[in-house]
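Please report on the fold of this protein chain, its largest pocket and the surroundings of one lysine.

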Amino acid sequence: PSFTNEELAAMALVDLGKSDSIDQKLNDAMADTTEQVDPRQEMLMQIKQLSDNSFQFQEGTAGSTRLIVTINGDSIDHKISDMTGEHSEGTLNKKDLINRYHDKKAQIDELIQKINYNDQHSEEINQKLMDDVLSGRDDH
């Protein structure tokens with residue numbers, strides 16, 4: 001299958017996860033779109049297209065940390081943007097990435113849909129978080 005730049009960027013996001021297996025990386029990324037983690041820090045809230053080949057992923061409702069993924073020919077560069085500026089992280093090989101995720105298009109598209117859902121429902125999600133904080137349900 002062929003992949004859009006947005007799908008390639010989401011693939012890079014997944015692949016940067018800490019787990020060893022592709023399936024576990026996908027599961028971890030999907031978990032980050034739900035309230036299974038402390039959403040103020042970790043929840044994937046937005047994919048913003050910066051240009052034809054560059055996408056920004058926002059984690060957490062505060063939005064202080066963002067992952068910026070840029071597709072440059074055969075390489076996919078990723079960097080972190082936070083309050084102290086932009087920090088280049090590294091480069092992934094586009095062909096390698098596609099080889100590893102070529103049969104995961106449905107999961108990648110589902111991930112993108114979930115993140116877009118969070119973006120569209122950010123006010124409700126923020127409200128639920130505030131309620132959880134006030135009721136003490138987010139105590140770890």
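The report covers the chain, then the pocket, then the lysine.

This is a predicted model, in which local features need pLDDT of at least 70, side-chain atom pairs count only at pLDDT 80 or more, and totals for chains, interfaces and linings use all residues. Residues are numbered from 1 along each chain as its sequence is written, and side-chain values use heavy atoms, with hydrogens and water left out.

The protein chain has five helices and five strands (DSSP runs of H or I with at least four residues, and of E with at least two). Their order from the N terminus is α-α-β-β-β-β-β-α-α-α. Of the 140 residues in the chain, 39% are buried (under 20% relative accessible area, 1.4 Å probe, protein chains only).

The largest pocket (an open set of 1 Å grid points where a 1.4 Å probe fits, with protein on both sides within 12 Å along at least five of seven lines) holds about 460 Å³ of space. Its lining (residues with an atom within 4 Å of a point) consists of 18 residues, and Leu16, Gly17, Lys18, Asp32 and Glu59 lie nearest the centre. Four elements each supply at least two lining residues:

| Element | Residues |
|---|---|
| Helix 1 | 5–15 |
| Helix 2 | 22–31 |
| Strand 2 | 54–59 |
| Strand 3 | 65–72 |

By class, the lining has eight nonpolar, two polar and eight charged residues.

Lys25 belongs to helix 2. Lys25 is buried but has no salt bridge (a side-chain nitrogen of Lys or Arg within 4 Å of a carboxyl oxygen of Asp or Glu); Asp15, the nearest side chain of opposite charge, is 4.5 Å away. A polar atom of the Lys25 side chain lies 2.8 Å from the backbone oxygen of Gly17.

Technical notes:
Grid points are joined across faces, edges and corners, and a volume is the space filled by probe spheres set on the points. Ala, Val, Leu, Ile, Met, Phe, Trp, Tyr, Cys and Pro count as nonpolar, Asp, Glu, Lys and Arg as charged, and the others, Gly among them, as polar. Buried means under 20% relative accessible area, exposed over 50%, partly exposed in between (1.4 Å probe, protein chains only). Lys and Arg count as positive and Asp and Glu as negative; His and the chain ends are not counted. A polar contact is a pair of N or O atoms within 3.5 Å; within protein, one must be able to donate a hydrogen and the other to accept it, and residues adjacent in sequence count only if both atoms are side-chain atoms.
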